[in-house]
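User: Got a chain to go through with you. Can you take a look?

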Amino acid sequence: MDYVSALLPPVVMAAFFIGLVVTIVKSQGGDNKSKEDAAVDAAIARAEAVERPGAPSGA
């Protein structure tokens, strides 16, 4: 029975990791893609709009 207790944690972690990857892949594209793209575009626009004091502009 020692082999069962030794193999159980890696098997559980592998199953969790596979589930995580499947969830990430399923959430890409489709109906969520436009929302994700809009969120990324908004974040980039906010980052570009903020200028650091003392930083050269137009570099």
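User: How much area does the protein expose, and what share do carbon and sulfur atoms supply?
Analyst: The protein exposes about 5,400 Å², with 68% supplied by carbon and sulfur atoms. Areas are Shrake-Rupley values with a 1.4 Å probe; for residues, only the protein chains shown count as cover. This is a predicted model: local features need pLDDT of at least 70, side-chain atom pairs 80 or more, while totals for chains, interfaces and linings use all residues. Residues are numbered from 1 along each chain as its sequence is written, and side-chain values use heavy atoms, without hydrogens or water.

User: What percentage of the residues count as buried?
Analyst: 0% of the 59 residues. Buried means under 20% relative accessible area, exposed over 50%, partly exposed in between (1.4 Å probe, protein chains only).

User: And Val 25, buried or exposed?
Analyst: Val 25 is exposed, at 55% relative accessible area. Val 25 lies in helix H1, residues 2-27.

User: How many helices and strands are there?
Analyst: There are 2 helices and 0 strands. These are DSSP runs numbered from the N terminus: helices are H or I, at least four residues; strands are E, at least two.

User: Where does H1 bend?
Analyst: At Leu 8, by about 30°. Pro 9 follows within four residues. The bend is the angle between axes fitted to the seven residues ending there and the seven starting there.

User: What comes after H1?
Analyst: Gly 29 follows H1, with a positive phi near 75°.
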